[in-house]
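Let's take a walk through this structure together, one region at a time. Please keep the sequence and the 3D view open as we go.

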Amino acid sequence: MGKLGPTDHTTAATERTEDSKTQGELPAVVAGLAEELKRHDLLDTPYREGGWTTRQVIHHLADSHMNAYVRHKRILSEDHPTMRPYDEARWAEMADVTATPIAASLEVLRGMHLRWATLLATCSNAEWERTGYHSGSGITYRLDTLAATYSWHGLHHVGHLRLVL
């Protein structure tokens, strides 16, 4: 948990395998925590005062990581694409979050992360160094620094879920 520090290219390059592994393992970790949260009737409990509920965090992971997966695919298939931000807070309040069972997002995470981890595990050194520009942050990401960012992101939210338990 906490803020993500800057990921430099050297660190990102040495952690590529670990980031791919983290992406592959994340859905099972989230599913296990979701089962515990549901059993203890804690899905509508915020992880901190004023924070999202655990239900919103689980749906957010699916939303965010769908966007991330597409960003990775675009970096691999286009020359320096522009990645657009989205309003995470508004997405967390939409009906598909408030009225859809978390099982739907857990399934999205399972299938998407299998594909994402496979994609990352098969990247060449040249592919890891491809770039994309994030128009919301003004940051140019290399694929490996973007992968490191989302590896951290998933673990960050796992920490939020664990806080409630």
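Not counting residues up to four places away in sequence, which residues does His 60 touch? In this predicted model, they are Trp 52, His 65, Tyr 86, Glu 88, His 153 and His 157. His 60 itself belongs to helix H3, which covers residues 54-77. With a relative accessible area of 4%, His 60 is buried; the cut-off for that word is under 20%, so His 60 qualifies.

His 60 is also a good doorway to the next feature, since His 60 is one of the residues that line the largest cavity. How many cavities of 30 Å³ or more does the structure hold? There is one, and the space in the largest cavity comes to about 30 Å³. Besides His 60, the lining includes Trp 52, Gln 56, Asp 63 and Tyr 86, and Glu 88, Trp 91, Ala 92 and Val 97 also take part. If you sort the lining residues by character, you find five nonpolar, two polar and two charged. Two helices, H3 and H4 (88-91), each contribute at least two residues to this lining. The largest share comes from H3, with three residues.

Two of the lining residues, Tyr 86 and Trp 91, deserve a closer look. The whole structure contains two aromatic pairs. One of them is formed by Tyr 86 and Trp 91, with ring centres 4.3 Å apart and an angle of 45° between the planes, a tilted arrangement. Are the two partners buried or exposed? Tyr 86 has 18% relative accessibility and therefore counts as buried. Trp 91, at 30% relative accessibility, counts as partly exposed. Remember, too, that Tyr 86 is among the contacts of His 60.

Now let's turn to the sheet. As background, the strands of a sheet pair through backbone hydrogen bonds, in either a parallel or an antiparallel way. Here, three strands form an open sheet in the order E1-E2-E3, and the pairing is mixed. Why do E1 and E3 each have one side without a neighbour in the sheet? Strand E1 (82-83) and strand E3 (139-142) stand at the edges and have a single partner strand each, so one side of each is left free of a neighbour in the sheet.

The mixed pairing can be followed strand by strand. E1 and E2 (residues 131-134) run parallel and are joined by two bridges; Met 83 has His 134 in E2 as its bridge partner. E2 and E3, by contrast, pair in the antiparallel sense over four bridges. In that pairing, Tyr 133 has Thr 140 of E3 as its bridge partner. E2 and E3 also make a hairpin, with four residues between the strands. In its turn sits Gly 138, with a positive phi of about 75°.

Positive phi values turn up in residues other than glycine as well. One case is Asp 41, where phi is near 55°. Asp 41 is placed in the loop between helix H2 (16-39) and H3, and its relative accessible area of 67% makes it exposed. Another case is His 80, where phi is near 45°. His 80 sits in the loop between H3 and E1 and counts as partly exposed, at 38% relative accessibility.

To finish, let's look at two residues whose partners come from elsewhere in the sequence. Leu 155 lies in helix H8, residues 143-164, and is partly exposed, with a relative accessible area of 47%. Leaving aside neighbours within four places in sequence, Leu 155 is in contact with Thr 22 and Leu 26. Leu 155 and Leu 26 are 129 residues apart in sequence, while their C-alpha atoms are 7.8 Å apart in space.

The other residue is Val 108, in helix H6 (residues 102-121). Val 108 is partly exposed as well, with a relative accessible area of 32%. Not counting residues up to four places away in sequence, Val 108 touches Ala 62, Met 66 and His 113. Val 108 and Leu 61 are 47 residues apart along the chain, and 9.6 Å separates their C-alpha atoms.

Methods
Residues are numbered from 1 along each chain as its sequence is written. This is a predicted model: local features need pLDDT of at least 70, side-chain atom pairs count only at pLDDT 80 or more; totals for chains, interfaces and linings use all residues. Side-chain values use heavy atoms; hydrogens and water are left out. On a 1 Å grid over the protein atoms alone, a cavity is a set of points where a 1.4 Å probe fits but cannot get out, and a pocket is an open set with protein on both sides within 12 Å along at least five of seven lines; lining residues have an atom within 4 Å of a point. Grid points are joined across faces, edges and corners, and a volume is the space filled by probe spheres set on the points. Ala, Val, Leu, Ile, Met, Phe, Trp, Tyr, Cys and Pro count as nonpolar, Asp, Glu, Lys and Arg as charged, and the others, Gly among them, as polar. Rings of Phe, Tyr and Trp (its six-membered ring) pair if their centres lie within 6.5 Å; planes under 30 degrees apart count as stacked, over 60 as edge-to-face and the rest as tilted. Buried means under 20% relative accessible area, exposed over 50%, partly exposed in between (1.4 Å probe, protein chains only). Two strands pair if DSSP finds at least two bridges between them. Contact means heavy atoms within 4.5 Å.
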